[in-house]
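Here is a friendly walk through one structure, from its ligand site to its nonpolar cores. Please keep the sequence and the 3D view at hand as you read.

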Amino acid sequence: MLLNTFSTGGETEGFVLSCLSLAIVFTLVNIVTSSRTWLVAHSPISFLKRRARAWLFLFQGPKIIEEEFNKAGPGKPFHIDVPENRYVVVSSWKHIKEIDSAPDHVLSLQAAAKQLLQPKHTMSSFNWMDKRGAEGIPLIRTLRVMLTNHLPEVLPQIRRSMSALMDNEIDSAPKLEDGKTMTPKLYHIIIKAIAHSNALAFFGEDLAKNGKFMKAAMTFIEQTLLIAEILRLLPQFLSEPIGKFLSNKLNSSSVIFDTLLPVAAERVDEYARAKLGQKVPEHKDCMQWIMESAPRNSPWTAERIVYELIALWFGSVHITSTTVCFAIHDLCLHPEYVEPLRKEIEATGWETFEKSGGKCFPLLDSFMKESARITPVESVSTRRMALEPFKLSDGTAVNPGEWIVTAARGMAMDSSVFSKPTDFQGFRFADPAVVAKIDSRPSFSAGDKSSDFTSISDWQLWGTGRCACPGRFYATAVMKAMLGLLIAKYDMQLTDPGAARYFAWRTFIYPFPGTKISLTARE
Ligand code: HEM
């Protein structure tokens with residue numbers, strides 16, 4: 001199934017499948033040989049059951065986490081075995097605070113991300129350090145401060161080009177007999193539009209318009225997922241040669257690297273000339289801000305800047321596209337919300353939305369939050385790998401190499417925080433006075449406390465504390481722009497609302513790319 005989404009040639013697919021099979025066989029051998037001591041102490045049956053469940057986790061991760069979460073009870077940590085590791089899963093805010101307080105050399109997000117993405121083989125040999133430290137500040141500052149503060153300037157161009165791209169793709173999709181209802185491959189269009197928007201914000205207009213670069217940049221996301229998954233399942237001694245082979249064969253990251261490098265080199269040169277008082281072009285994008293945020297006493301090379309951008313690219317396109325895709329499904333499943341959302345968008349206008357840096361549209365904000373609460377792309381959040389032994393205040397231990405994560409999906413269903421948690425209440429996070437102004441239907445007035453989509457205090461979508469997603473203000477603004485454009489222009493329907501819309505892989509859920517949504521242009 002996963003392979004259907006990959007645009008590799010047949011020969012490569014065959015090779016990749018062989019690697020996956022190899023990965024599974026070697027990991028099984030590895031488990032059996034490395035677990036002799038455990039087997040002596042426990043019954044072989046219970047050992048096999050545990051390992052089978054660890055492998056089942058690949059396909060049923062969210063379900064297994066939910067079962068263990070319910071078994072453990074509210075706020076109690078529990079363990080999950082996965083093929084290559086063990087996770088400690090927590091769900092109390094007290095424990096989450098303890099994770100956030102642990103220093104980087106004890107619990108590290110960067111080390112967990114490194115295992116997840118295998119950057120050495122997926123990102124042109126970019127070998128991350130296990131802990132980020134001061135090296136990470138330029139990227140975080142770029143996103144959290146510079147990009148967020150410049151949203152009023154960058155959003156108009158992003159919205160206009162996103163609108164043109166979507167119109168173009170949707171208009172050229174097959175039409176139903178009525179001649180005005182289109183049935184495009186919407187997920188594909190969403191990825192393309194988010195990728196284009198991110199390219200504008202990260203690298204500037206020229207690269208966003210470069211077709212070859214953009215094609216490689218989108219393929220890179222799929223290839224990263226695939227290579228990283230194969231390498232995570234392989235034993236150590238095989239991951240190096242197979243990683244090298246795969247990164248040569250599936251080489252979209254080199255296309256990106258080779259395209260970005262001369263552009264970054266030019267920026268570095270311009271920056272040096274500007275310091276000498278020469279007049280140079282002005283750029284407002286992340287490439288520029290990362291360079292300008294690097295330490296003055298040891299400025300970053302063009303290569304270093306490009307590596308940061310490549311890592312950022314993967315992390316930003318995939319999760320944003322998936323989250324917005326499920327919000328579109330929810331608009332189709334709960335059509336009663338479309339009219340009030342339309343009224344809000346039309347009454348506010350794009351100019352006000354953009355001037356606010358994407359903060360406007362409180363009803364849409366609440367709808368998006370409810371959608372991501374009920375159908376979170378990620379079942380866990382706040383991933384940290386233990387680099388040194390770590391203990392929670394209740395005595396739960398995390399050994400070096402193991403991960404500690406939060407039960408994001410389970411916490412989002414906590415009835416002590418969210419009333420009737422399994423009900424979809426699109427305006428549950430909006431101020432009732434704002435809801436009443438737009439629509440007085442009683443079904444819309446029920447709500448928990450109002451809370452923004454970007455908030456990090458009542459849910460785990462964006463992670464925790466000092467590591468919480470620094471791109472969340474940008475991501476939220478872009479998702480609102482995309483949803484707003486679709487709501488304003490089209491009536492949308494899931495062709496088969498009862499059909500399965502997603503599948504699970506580890507802790508993620510992925511939308512089926514073939515899910516059909518029909519779009520009818522409004523009169
Ligand atoms: C719906 C979209 C997104 C979601 C749900 C999301 C979620 C997350 C989460 C859960 C983390 C880890 C936080 C932690 O472990 O405490 C994270 C980290 C990060 N995100 Fe996002 N993210 C999204 C979009 C973006 C975008 C668009 C960007 C860039 C513009 C971005 C940049 C980053 C970066 C750089 C980090 C690493 C932070 C660090 O190392 O301290 N994310 N994100």
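The shell around the ligand divides into 15 nonpolar, 8 polar and 3 charged residues, where Ala, Val, Leu, Ile, Met, Phe, Trp, Tyr, Cys and Pro count as nonpolar, Asp, Glu, Lys and Arg as charged, and the others, Gly among them, as polar. This is a predicted model, in which local features need pLDDT of at least 70 and side-chain atom pairs count only at pLDDT 80 or more, while totals for chains, interfaces and linings use all residues. Residues are numbered from 1 along each chain as its sequence is written, and side-chain values use heavy atoms, with hydrogens and water left out.

In total, 26 residues surround the ligand, each with a heavy atom within 4 Å of it. The closest are Arg132, Arg384, Thr464, Cys467 and Cys469. Two or more shell residues come from each of helix H7 (137-149), helix H15 (302-333), strand S5 (381-386) and helix H21 (472-489); helices (H or I, at least four residues) and strands (E, at least two) are DSSP runs, numbered from the N terminus. H15 provides the largest share, 5 residues.

Three distances describe how the protein meets the ligand. Polar contacts are pairs of N or O atoms within 3.5 Å, and metal donors are N, O and S atoms within 2.8 Å of the metal (3.2 Å for Na, K and Ca); water is not among the atoms, so sites may look incomplete.

| Protein partner | Ligand atom | Distance |
|---|---|---|
| Arg384, side-chain N or O | oxygen | 2.7 Å |
| Thr464, polar backbone atom | oxygen | 2.9 Å |
| Cys469, SG | iron | 2.3 Å |

Cys469 is the single protein donor to the iron and sits in the loop between helix H20 (432-438) and H21.

Now to the cores. A nonpolar core is a set of buried Ala, Val, Leu, Ile, Met, Phe, Trp, Tyr and Cys residues joined through side-chain atoms within 4.5 Å; buried means under 20% relative accessible area, exposed over 50%, and partly exposed in between (1.4 Å probe, protein chains only). The largest core has 135 residues, of which Met162, Leu260, Trp313 and Met492 touch the most other members. H15 gives the most to this core, with 18 residues. A second, separate core of 13 residues includes Val88, Ile96, Leu107 and Phe390.

What about the outside? Gly514 lies in the loop between strand S11 (508-511) and strand S12 (517-521). Gly514 counts as exposed because its relative accessibility is 60%.

Key
Polar contact = N/O pair within 3.5 Å; in protein donor to acceptor, adjacent residues only side chain to side chain.
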